[in-house]
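Subject: Structure handover

Hello,

Here is the structure I promised to pass on. Please open it alongside this note, and my findings follow below.

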Amino acid sequence: MRRLGGVEDEEKWLAEGIAGIQHNAFFMHRALDANNLREVLKYSALMLSELRTSNLSPQKYYDLYMRAFDQLRQLEIFLRDESRHGLPVVDLYELVQHAGNIFDHLIVSIISYRLGPLQYLLCTVGSVYIKSKQAPSKDVLKDLVEMCRGVQHPIRGLFLRSYLAQVSRDKLPEIGSDYQGDANTVMDAVEFVLQNFTEMNKLWVRIQHQGPGTVREKQEKERNELRDLVGKNLHVLGQIEGVHLEMYKETVLPRILEQVVNCKDDFAQYYLMECIIQVFPDEYHLQTLETLLAACTQLMPTVDTKIVLTQLMDRLSNYAVSSPDVLHEFLQVEAFAKLNNAIGKVIDTQIEMPIVGAMTLFVSLLTFALRVHPDRLDYVDQVLGACVVKLSSGPKLEDARAMKQVVALLSAPLEKYNDKVTALTLSNYPRVMDHLDDGTNKVMAMLIIQSIMKNNSCISTADKVEVLFEVIKGLIKDLDGNATEELEEEDFQEEQNSVARLINMLDNEEPEEMLKIICVVRKHLMTGGTRRLPFTIPPLIFSALRLVRQLESQGGDITGEDLPATPRNIFQILNQTIEVLSSVPCPELALRLYLQCAEAASDCDLEPVAYEFFTQAFILYEEEIADSEAQVTAIHLIVGTLQRINVFGVENRDTLTHKATGYSARLLKKPDQCRAVYACSHLFWVDDLDGIKDGERALLCLRRALRIANAAQQMANATRGSSGPVTLFVEILNKYIYVYEKGNPHITPSDIQSLIELINTEMQSDNNGNTRTHSDPFFTSTLRYMRFQKQKGGLMGDKYELIKL
């Protein structure tokens, strides 16, 4: 047992060991120079006796071992040259085995303690013996591996056997080697390495049983430092020439796994399984998959089996991707079924495995299925189904790391398939999402939308839309009755804008199918609540209007089995949808949408429908819009839309224009009244071939606007003592000029001249007789335009000839 000491004591013991090696190495080199075999062996043994110490940690012992190893290299060079020491290698090997014949009694008593130095000498001489080819390699190796049993101290025994493995690596009787033997030569090499591995593993595991339990953490650290010594044997096994698949399947792997399973040590099992996966060929893993997976299910419950299985699946999937020709082998061995079964057993047997571990295994299995069998959607659905079963069997998922793995599980199919909805059509996909908390559900829904947008995917069938909106329902409605007020406004808007962008990606050239899509989307959006509808309804309305115009361009209605795709039917749906939005309340947005629908109905020559939409817009204006600024915006929208529509008959148009002009004149602020009234002049003079040209009523609107502007100036004089800017007059002047140029016969040059003189008068002085020192830029620009038209001549120049500027 190693004596316990501090860092300073260990440094002292290491220094003493190094000094002993250097001291005896000095005399060994003197003997080498003198070709004195007896003295060489004597001081070599004394030097190696320093390796008998039990006071060093593995890291410090390694430093000491390497000092001795460097000297043993010099010793081996000397022993190979028979001309220097004069003793045949066979005799030399015999002499070293019987230390008493070549060492005096004192030296024998020193080196026989735990036999360590003698074994190092035997391995060195044995290496020379094999190289001389005077004896079969397999016999010498068998002899050496058996004699190493004499050292049972874990650390010293591991380093001794590591030395044996190192000096024998290039002397194994493998195929193509200089030391190749009979027909069973490869088996001899494998047997030697396996035997050495078995003994080293036993020594390595034994470390945990030495010393009191209080030093367990220190022991684990030491074992971690020593693990590469054991793993190198497996690396050597993986490089032996001639180890074919059958031998690996029948002998090599079973012997290794026997050690792995029987050692009952979680640390060793994890490391050795990791080594097996890394050092042996991929095709061997594939053909022995069932054996490997059976071993995984027999590991200690404390072994992190998920990492072992994940590494195995990663290795196999990389093999399949790099070599497409081997895919049929995966099908032959039923790799997915075996992996799926093994993972299920591991999860069932390791009851204490945290949920994040199980989710990690499912992610790895799904990744394997997507990489190796991308065309097998049933495999993907099987993994998702197993995940649902696991999540359903426990409490509500709250572990953040497990939640992250579930998101990775759901994201994998989206990243694999170009048609993003392909994954969503799997029956278990939405069932997995149901186990996410609201926040993570929304994150996943956002990932799905972003994936669709990134690939510019077009969702073209109502069935796919139904599946998609069911999956992203966390963004469309409140789950579990949780309100959206808890979410930051900026985040909420980003979510809803993403849904709106998604709606614009839904399209189908067949009107009947597109109408079904619109109805499916509407059904889901109507459950969204008052806070979401202002974001999601507008894109739906415009998608429907796009369909209306498509039908109009095709010149007729499309009769379907369920709901005929006709503009009239679509407008009925739109009217019902906007009516819901207007009750949110969001009257300004609803009014805008009503006007859009009215314009679309006009394009379809549906006068009653267009009139109804205008009626709804006016009702909203009267009953819901009370803010003065919102009223101004609404009036201008109404006037602009009404101007562009030419479907109305005389009676309906008069009714609507009368309403528009009446509301314009009743706005709160005089400037707003003025601008709205002169905007109404466009309702009576439309510059189109089929447009209305009622010059008299257009002039009446402009004169009424001028009276309102005068009233505004008077109010300014009364309240502020000055007339204020002449902007309103200049704006009216521009309207006069526009209608005059368009050929309204009721607008005369004298009307324009009078208005110019009025503006000049207003600009020259205010109510107190003070002269203005500045001019209005707008008015100056307007006069410049008129001069330009006058100077240009022609028909337009003649119009301005009678106007004095």
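Arg 149 and Glu 146 form a salt bridge, with 2.9 Å between the closest N and O atoms. Keep in mind that this is a predicted model. Arg 149 is partly exposed, at 35% relative accessibility. Glu 146 is also partly exposed, at 34%. Neither residue counts as buried, because buried means under 20% relative accessible area.

How many salt bridges does a search of the whole structure find? The total is 25. Two others are described here.

Take Lys 338 and Glu 290. Their salt bridge has its closest N and O atoms 3.7 Å apart. This pair links distant parts of the chain. Lys 338 sits in helix α18, which covers residues 335-349. Glu 290 sits in helix α15, and the two residues are 48 apart. Lys 338 is partly exposed, with a relative accessible area of 26%. Glu 290 has 55% and is exposed, because exposed means over 50%.

Next come Arg 501 and Glu 494. Their side chains meet in a salt bridge of 3.3 Å, N to O. Arg 501 is partly exposed at 37% relative accessibility. Glu 494 is partly exposed at 39%. Back at Arg 149, there is a network to look at: salt bridges that share partners join Arg 149, Glu 146 and Glu 199.

Now the charged patches on the surface.

Which residues gather in the patch of positive charge? They are Arg 73, Arg 80, Lys 131 and Lys 133. Lys 131 belongs to helix α7, residues 116-131. Its relative accessible area is 35%, so Lys 131 is partly exposed. A patch residue needs over 30% relative accessible area and no salt bridge, so the 35% of Lys 131 meets the area cut-off.

There is a patch of negative charge on the surface as well. Asp 81, Glu 82, Asp 91 and Glu 94 gather there. Glu 82 lies in helix α4, residues 82-85. With a relative accessible area of 39%, Glu 82 is partly exposed. That value also passes the over 30% cut-off for patches, so the area of Glu 82 fits its place there.

Next, two residues in loops.

Ser 49 is in the loop between α2 (37-48) and α3 (58-80). Is Ser 49 buried or exposed? It is buried, at 11% relative accessibility. The cut-off is under 20%, so Ser 49 falls within it. The side chain of Ser 49 reaches the backbone oxygen of Leu 46, at 2.4 Å.

Thr 288 is in the loop between α14 (282-287) and α15 (289-297). Thr 288 is buried too, at 2% relative accessibility. Where sequence is concerned, Thr 288 and Leu 245 are 43 residues apart. In space, the C-alpha atoms of Thr 288 and Leu 245 are 9.0 Å apart.

Arg 431 deserves a look next.

Arg 431 is in helix α23, residues 429-433. At 45% relative accessibility, Arg 431 counts as partly exposed. It stays short of exposed, because that takes over 50%. The side chains of Arg 431 and Asn 428 are joined by a polar contact of 2.7 Å. Arg 431 is also paired here with Leu 384: they are 47 residues apart in sequence and 8.5 Å apart in space, C-alpha to C-alpha.

Last, some backbone angles.

Most residues other than glycine have a negative phi. Lys 264 has a positive phi of about 55°, although it is not a glycine. Lys 264 is in the loop between α12 (245-262) and α13 (266-279). What is the phi of Glu 334? It is near 55°, again a positive value in a residue other than glycine. Glu 334 lies in the loop between α17 (327-332) and α18.

If you want starting points in the viewer, try these. Begin with Arg 149 and its salt bridge to Glu 146. Move on to Lys 338 and Glu 290, whose salt bridge links distant parts of the chain. Then find Ser 49, buried in its loop. Finish with Lys 264 and its positive phi.

Best wishes

Note on methods:
Residues are numbered from 1 along each chain as its sequence is written. This is a predicted model: local features need pLDDT of at least 70, side-chain atom pairs count only at pLDDT 80 or more; totals for chains, interfaces and linings use all residues. Side-chain values use heavy atoms; hydrogens and water are left out. Patches are made of residues with over 30% relative accessible area and no salt bridge: like charges are joined within 9 Å, nonpolar side chains (Val, Leu, Ile, Met, Phe, Trp, Tyr) within 5 Å. Accessible areas come from the Shrake-Rupley method with a 1.4 Å probe; for residues, only the protein chains shown count as cover. A salt bridge is a side-chain nitrogen of Lys or Arg within 4 Å of a carboxyl oxygen of Asp or Glu. Lys and Arg count as positive and Asp and Glu as negative; His and the chain ends are not counted. The place of a charge is taken as NZ of Lys, CZ of Arg, CG of Asp or CD of Glu. Helices (H or I, at least four residues) and strands (E, at least two) are DSSP runs, numbered from the N terminus. Buried means under 20% relative accessible area, exposed over 50%, partly exposed in between (1.4 Å probe, protein chains only). A polar contact is a pair of N or O atoms within 3.5 Å; within protein, one must be able to donate a hydrogen and the other to accept it, and residues adjacent in sequence count only if both atoms are side-chain atoms.
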